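Visitor: I should like to learn how the descriptive words used for a protein model are justified. May I ask about them one at a time?

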Amino acid sequence: MGRLNDGKWEDVWYDTKSSGGRFERSTTKFHSWITADGSAGPSGEGGFPAESGRYHLYVSYACPWAHRTLIFRELKGLHEHIGVSVVHPEMLSDGWEFRTDFDGATGDRLYGLPFMRDIYTKADPQISGRVTVPVLWDKVRKTIVSNESAEIIRMFNSAFDGLTGNRDDYWPEDLRDGIEEVNARIYDTVNNGVYKSGFATTQAAYEEAVHPLFESLDWLENRLADNRYLMGERITEADWRLFTTLIRFDAVYHGHFKCNRRKLIEYPNLWGYTRELYQWPRVAGTVHLDHISHHYHYSHETVNPHRIVPVGPDLDLDAPHGRDRLKAAA
Ligand SMILES: N[C@@H](CCC(=O)N[C@@H](CS)C(=O)NCC(=O)O)C(=O)O
């Protein structure tokens, strides 16, 4: 685990000393957009037109942020147009690696490089910052288009529609304000809340994260009592962003990150909802609980020094979800 400093690798863990024991997620560096015609998107530079076979996704199956992009690649029928390389689940002193000695770890399918950091320095030899996944790579310009999952899923939602004919819209115009509002709370207290809880190095910082997390889970449980999806009858990006945290909850966050007031399976609506999303066409294939559990328990030495990977829990993700009793979109 470490970061690049002027293109050179330094092996350092997250610094929580300067922040009172709080984990503070750093911001990402690459913010360009693939668009249908190559015009510039909301940030970054233009010149990344939607083309089949031009772009490549670097992901970890363990990572909830990368998982969003994999789900959108499936939902939007992009699997034939965008290739994927999957890192090894162990993130140790060299950061993410392209070792292949774990089922599903593919190595670097484009260049055969050993480490994820080599992709970052290929884009910018003097780069400084963390080496995170996901990364959306442009094979033509040999650079990173974006390493921000929230933006990558929005590109995938529409940029390739002309190519694929898939016009399913997970960010519909009439629901955008509501989606942004729900995303903001879920990002801060749930998606990132589990990390803030798990990586806290003081009791106060931990409690500052874990209480709002469970308040949000109660709020979501309530919201999903009468709403099939977060925004009502239509499934949107807000649901997929929440899903990647929920699917990891009992296997990792409950124990390893000490988010243990309750388990996900103790919330009937959230648990049924998680199963429905898991059972959505093409989604189960993006869920790799072996990578998930192995990554967190094995990589975070400060949290789990003996690197023992627990064997459970046994979850029946294929059990009927019963959510059809709530009205779905026609
Ligand atoms: N804001 C980024 C966050 C990505 C991120 O933090 N990924 C984690 C894996 S779950 C990572 O690669 N961490 C490595 C590190 O922090 O050094 C996004 O949403 O794409």
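Guide: Certainly; let us begin with a residue on the outside. Asp6 counts as exposed because it has 9 other C-beta atoms within 10 Å, and the cut-off for exposed is 12 or fewer. Please keep in mind that this is a predicted model.

Visitor: Where does Asp6 lie, and what is notable about its phi?

Guide: Asp6 is placed in the loop between β1 (3-5) and β2 (8-10). Its phi is positive, about 50°, although Asp6 is not a glycine. Arg307 is likewise not a glycine and has a positive phi of about 55°; this residue belongs to the segment after α10.

Visitor: Is Arg307 exposed, partly exposed or buried, and how do you know?

Guide: Arg307 has 13 C-beta neighbours inside 10 Å. Exposed requires 12 or fewer and buried requires 20 or more, so Arg307 counts as partly exposed.

Visitor: Which residues does UniProt mark as "active site"?

Guide: The unreviewed UniProt entry places that feature at Cys63 and Tyr195. They are spread over 133 residues of sequence, yet they cluster in space, with a largest C-alpha distance of 11.6 Å.

Visitor: What makes Cys63 a buried residue?

Guide: Cys63 has 25 C-beta neighbours inside 10 Å. The threshold is 20 or more, so Cys63 counts as buried. Cys63 sits in the loop between β3 (55-59) and α1 (64-75).

Visitor: What is the corresponding verdict for Tyr195, and why?

Guide: For Tyr195 the number of C-beta neighbours inside 10 Å is 17. That value falls between the limits of 12 and 20, so Tyr195 counts as partly exposed. Tyr195 is part of helix α6 (residues 193-199).

Visitor: Which residues carry the annotation "binding site"?

Guide: In the unreviewed UniProt entry, this annotation covers Trp96, Arg130, Val131, Thr132, Val133, Glu148 and Ser149. Of these, Thr132 lies in the loop between β5 (129-130) and β6, and Val133 is in that loop too.

Visitor: How do you know whether Thr132 and Val133 are buried or exposed?

Guide: Thr132 has 23 C-beta neighbours inside 10 Å and therefore counts as buried. Val133 has 25 and therefore also counts as buried; the cut-off is 20 or more.

Visitor: What does Val133 touch, residues up to four places away in sequence not counted?

Guide: Its contacts include Tyr58, Cys63, Trp96 and Met116. Among them, Cys63 is an "active site" position in the UniProt entry, and Trp96 is a "binding site" position there.

Visitor: What kind of peptide bond joins Val133 and Pro134?

Guide: That bond is cis, with omega about 5°. The bond from Gly312 to Pro313 is also cis, with omega near -5°.

Visitor: What makes β6 and β7 a pair of strands?

Guide: Three bridges join strand β6 (residues 135-138) to strand β7 (residues 143-146). Pairing requires at least two bridges, so the condition is met. The two strands run antiparallel, and Trp137 stands opposite Ile144 in β7.

Visitor: How many bridges link β3 and β6?

Guide: There are four, and this pairing is also antiparallel. Trp137 appears here again, as the bridge partner of His56.

Visitor: Why are β4 and β7 called edge strands?

Guide: The open sheet has four strands in the order β4-β3-β6-β7, with mixed pairing. The strands β4 (82-86) and β7 are its edges: each pairs on one side only.

Visitor: Why is helix α5 described as roughly parallel to helix α8?

Guide: The axes of α5 (residues 176-191) and α8 (residues 237-253) come within 9 Å and cross at roughly 10°. Angles under 35 degrees count as roughly parallel, so α5 is roughly parallel to α8. By class, their contact has six nonpolar, three polar and two charged residues.

Visitor: Which residues form that contact?

Guide: In α5 they include Ile179, Val182 and Ile186, and in α8 they include Ala238, Arg241 and Leu242. Helix α8 has another role in the picture: together with α7 (203-226), it is included in what covers the buried residues of α9. Among those buried residues of α9 (residues 268-278) are Leu270, Trp271 and Tyr273.

Methods
Residues are numbered from 1 along each chain as its sequence is written. This is a predicted model: local features need pLDDT of at least 70, side-chain atom pairs count only at pLDDT 80 or more; totals for chains, interfaces and linings use all residues. Axes are lines fitted to C-alpha atoms, for helices over the stretch in contact, and angles run from 0 to 180 degrees between N-to-C directions. Angles under 35 degrees count as roughly parallel, over 145 as roughly antiparallel, 65 to 115 as roughly perpendicular and the rest as oblique. Two residues are in contact if their C-beta atoms, placed from the backbone, lie within 7 Å. Ala, Val, Leu, Ile, Met, Phe, Trp, Tyr, Cys and Pro count as nonpolar, Asp, Glu, Lys and Arg as charged, and the others, Gly among them, as polar. UniProt positions are given in the numbering used here, feature names are shortened, and annotations may be inferred rather than shown by experiment.
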